[in-house]
Amino acid sequence: MARENTNSNKKKITTVVLFGSIALAITLFSTLADAAPKLKILHKADRSHPKGSSPWPDFGETPETNTPEVKAWVKSIDWSKVPKLPIRKTESRGDPPECPHGGAPKSDCWWTCTGCFAHDDVYDCPGKNEWGLTFDDGPHPGVTEGIFSLLEQKNVTATFFVTGTNSAKAPWLLQDTIDKGHHLASHTWSHSGLTTLTNAEIVAELKWTEKYIFDHTGYKIKYFRPPYGDVDNRVRAIARELGFKTVIWSSDWDTQDWQLSEHTITPKKVIGIFNSGLKSLPKRKKGVITLEHDGDKRYLTMARTLLDMGMKKGMKPMNIAQCLGDKVGYNAVPALPALPASAPKKPTAPAPIAAVPAADIKQAGGVEPQVSIPPSPVAKDDKKEKTTLPAPAKEAITPEKKSSASTISAGLSVAGWTLAAVVVSYVL
Ligand SMILES: [Zn+2]
């Protein structure tokens, strides 16, 4: 009898230990599943059909205008604010325009042809020695990461004007750009000369790029740079109506680095151009915005040289939002998670904003910002405030994705506990 009791007690202890271990393992596993990333953007091109919308436009092509999306975007514009200027001629579609003999009327303010800037164009950094660092035409796997490392070594950030086409080839680099504290901006979908396109085509170029970046990061682009700087008052008005600010670059601060890949310029010549800019610095009251490119290792090597040269002369590199004193740098950012009551508040963390209708954001499948305030126009004489860009969101998590991750985790728990119950009943 005593022996039977001892055996029974041993069995009970074994059962409790076994049961406890299994429960512990299940809890640990479920916790790990909860902590795992909810949304991972894979390292591959993504032209998968966006939910509830027409397919993404083709790589390198001006997007179709005969789609419900483009029609709705066109309808949202007050066309009385867009001047009726001619569509400019070009040798072949997508190329920059040809400037007609005799130029163009002053009232067109056609930068490509006459170098004209509009009152709200961004082309200089307002503060002396400030250096708006910009890289166009990316992202490009194998080069963009090199630019990130270079900027990290120098502890500076830049604005990356990306095309929709290249973003769709390497969408993970969009999120990486934000995660590393840089600033994302648009360089249109297909990199065409915009003055050579119809009104609807310009809308499609800008809005599809905005949507692609938004769907893959949760950030709604505010700044755009026309390819080749090709902008006139028609293009500007359309961009303005859609909520974008036009950014060009400072006169004489185009580094011409893009010619390095075409062997139409030598590195020595590029350095010479930059040096003449540096010599003019003491006379400049404002800072500058330079034009450099992503996409070729030669550009990266040159970027390193120019960065060293400029910093030695006291130039302060920064992204465009920073130099303009724009605290957010986007028309919308992902909603920030609420801080626990005990956690100290970060003084520089900006409030999420939306200068666009929340319905529009929902339609785009993104995270709806929590508050809405009107965008603040950046006037030339705006009192500048040194700022940092919003804390990068690690992931743009949609409620659906979040709930599916929770469901997986809950499923693991249920399965685990069932297994534990089976084992216990077997032992007993
Ligand atoms: Zn470009």
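## A walk through the predicted model

Start with the whole protein chain in cartoon view: you'll find 13 helices and 11 strands. Keep in mind that this is a predicted model. Colour it by pLDDT before going further. The average over the chain is 79, and 69% of the residues score at least 70.

**Stop 1: the parts to take lightly.** Select residues 1–6, where pLDDT stays under 50 and the model has 0 contacts beyond four places in sequence. Then pick residues 25–39. Here too pLDDT stays under 50, though the model has 23 contacts beyond four places in sequence for this stretch.

**Stop 2: strand S2.** Now select residues 134–138, which form S2. Is this strand enclosed or open to the outside? Since 5 of its 5 residues are buried, S2 is largely enclosed by the rest of the structure.

Next, bring up strand S3, residues 159–162, which pairs with S2 in the parallel sense over 4 bridges. To line the two up, show Asp 136 and look for Phe 161 in S3 opposite. Add helix H4, residues 144–154, and you have a right-handed β-α-β unit made of S2, H4 and S3.

S2 has another partner to show: strand S9, residues 292–293, runs parallel to S2 and is joined to it by 2 bridges. Here the pair to click is Phe 135 and, opposite, Glu 292 in S9.

**Stop 3: the nonpolar core.** Which residues have the most contacts inside the largest nonpolar core? Select Leu 184, Ala 185, Tyr 219, Ile 221, Phe 224 and Ile 320; the core has 74 residues in total. Its largest share, 8 residues, comes from helix H7, residues 199–217. As a rule, nonpolar side chains in soluble globular proteins tend to be buried together.

Zoom in on Ala 185. Beyond its neighbours within four places in sequence, Ala 185 is in contact with Thr 159, Phe 160, Phe 161, Ile 221, Tyr 223, Phe 224, Arg 225, Val 247 and Ile 320. You've met Phe 161 already, as the residue opposite Asp 136.

**Stop 4: helix H7.** Select H7 on its own and put a distance between its first and last C-alpha. Its 19 residues reach 27 Å, close to the 27 Å expected at 1.5 Å a residue. H7 is mostly covered, with 16 of its 19 residues buried. Step just past its end to Gly 218, which takes a positive phi of about 90°.

**Last stop: zoom back out.** Over the 428 residues of the protein chain, 38% are buried. Take the contacts between residues at least 6 apart in sequence: 78% of them join residues at least 24 apart.

Methods:
Residues are numbered from 1 along each chain as its sequence is written. This is a predicted model: local features need pLDDT of at least 70, side-chain atom pairs count only at pLDDT 80 or more; totals for chains, interfaces and linings use all residues. A nonpolar core is a set of buried Ala, Val, Leu, Ile, Met, Phe, Trp, Tyr and Cys residues joined through C-beta atoms within 7 Å. A residue is buried if 20 or more other C-beta atoms lie within 10 Å of its own, exposed if 12 or fewer, and partly exposed in between; C-beta atoms are placed from the backbone. Two residues are in contact if their C-beta atoms, placed from the backbone, lie within 7 Å. Two strands pair if DSSP finds at least two bridges between them. A crossover is right-handed if, with the strands pointing away from the viewer, the path from the first strand over the helix to the second runs clockwise. The expected span of a helix is 1.5 Å times one less than its number of residues. pLDDT is the predictor's confidence in each residue, from 0 to 100.
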